[in-house]
Amino acid sequence: ARTSRVVRASSSAAIRASAVPDFSLQSIGLPAGRLRALLENGGADDVDLHYLLAASRLALTDSGLVHDPEENRVALVLTHENPGMERYVGKVLETVGRLAGGGVAGAGRTGRALAEELYREHSPYVYGTHSFLYLHRVARVLGFHGPSLFVNNACASGLYALEAATQMIRSGQAEAAVVAGADHPLLITKYLWFREQGLYATDG
């Protein structure tokens, strides 16, 4: 009989940062070669990716699930409210401050030169917010070959992710599923935007 398993982990940067102040991907038992390839190909400074990968690895460790990283039907379901967005907003603020340089932003540059510089510096951050990249990178490092899905439904993301993983197993698409989520809002901009959209109760 087929064994069905849903493996789940959740990671909060606020908690994780205080519990593991020197947190690094090298310290959680990831395959060295796959991790090196990830860090050399756009994953070195993506904190959202690091926490999703760590949460997935913790789920594997906690569950005791053993899989062949070259051939398996382990599914992966990830969830995050806004992957890559804080990283991008931080880059925008950093660039604006640097270009202003005590005067008008972009002073001394032609329109084309400024546009090219902004594209060069920001394109990895803008396009890096695509959720499929997080699935691809986590699955590649951990060696998952089953179906994968990224769920974003705000505060209900975790429940929907678990339901999606359960259905993958019940339908026979996967023999096991890893469900992992992460969120570490460090900038106030996310909360300002939520408030502007009327997503917070006025009475707190």
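**Exercise 1. Strand β4 and its neighbour β2**

Describe how far strand β4 (residues 176-183) is covered, and work out how β4 pairs with strand β2 (residues 74-79).

*Solution.* Begin with the cover: in strand β4, 7 of the 8 residues are buried, where buried means under 20% relative accessible area, exposed over 50%, and partly exposed in between (1.4 Å probe, protein chains only). The model is a predicted one, in which local features need pLDDT of at least 70 and side-chain atom pairs count only at pLDDT 80 or more, while totals for chains, interfaces and linings use all residues. Residues are numbered from 1 along each chain as its sequence is written, and side-chain values use heavy atoms, with hydrogens and water left out. Strands (E, at least two residues) and helices (H or I, at least four) are DSSP runs numbered from the N terminus.

Next, take the pairing, for which DSSP must find at least two bridges between two strands. Strands β2 and β4 pair in the parallel sense over 6 bridges. Within this pairing, L76 stands opposite V178 of β4, and V77 stands opposite V179 of β4.

**Exercise 2. The surroundings of β2**

Determine which other strand is joined to β2 by bridges, and explain why β2 is described as largely enclosed.

*Solution.* First, look at the other pairing: strand β3 (residues 148-151) runs parallel to β2 and is joined to β2 by 4 bridges. V77 has L149 as its bridge partner in β3, and V77 also stands opposite V179 in β4.

Second, consider the burial: because 6 of the 6 residues of β2 are buried, this strand is largely enclosed by the rest of the structure. The side chains can then be sorted by direction, since V74, L76 and L78 point one way from β2 while A75, V77 and T79 point the other way, and all are buried.

**Exercise 3. Salt bridges around helix α4**

State how many salt bridges the structure holds, and trace those formed by D45 with R87, by E94 with K91 and by E121 with K91.

*Solution.* The count is 4 salt bridges, a salt bridge being a side-chain nitrogen of Lys or Arg within 4 Å of a carboxyl oxygen of Asp or Glu. As background, side chains of opposite charge can pair when their charged atoms come close.

Start with D45 and R87, whose closest N and O atoms are 2.9 Å apart. D45 lies in the loop between α2 (32-43) and α3 (47-63), and R87 lies in helix α4 (residues 85-100), so the pair ties together parts that are 42 residues apart in sequence. D45 is partly exposed at 39% relative accessible area, whereas R87 is buried at 17%.

Continue with E94 and K91, for which the closest N and O atoms are 3.2 Å apart. Both residues lie in helix α4 and are 3 residues apart, about one turn of the helix. E94 counts as partly exposed at 45% relative accessibility, while K91 is buried at 12%.

Finally, E121 forms a salt bridge with K91, the closest N and O atoms being 3.7 Å apart. E121 lies in helix α5 (residues 111-127) and K91 in helix α4, so this pair ties together parts that are 30 residues apart in sequence. Both E121 and K91 are buried, and K91, E94 and E121 are linked in a network of salt bridges.

**Exercise 4. A buried arginine without a salt bridge**

Locate R137, and identify the nearest side chain of opposite charge together with its distance.

*Solution.* R137 lies in helix α6 (residues 131-142). Although R137 is buried, it has no salt bridge, and the nearest side chain of opposite charge is that of D46, 4.6 Å away; in this reckoning Lys and Arg count as positive and Asp and Glu as negative, with His and the chain ends not counted. With residues up to four places away in sequence left out, R137 touches L38, N41, G42 and L49, contact meaning heavy atoms within 4.5 Å.

**Exercise 5. The chain as a whole**

Give the number of helices and strands in the protein chain, and the share of its residues that count as buried.

*Solution.* The protein chain has 8 helices and 4 strands, which follow the pattern β-α-α-α-β-α-α-α-β-α-β-α along the sequence. Of its 204 residues, 37% count as buried. Among contacts between residues at least 6 apart in sequence, 79% join residues at least 24 apart.
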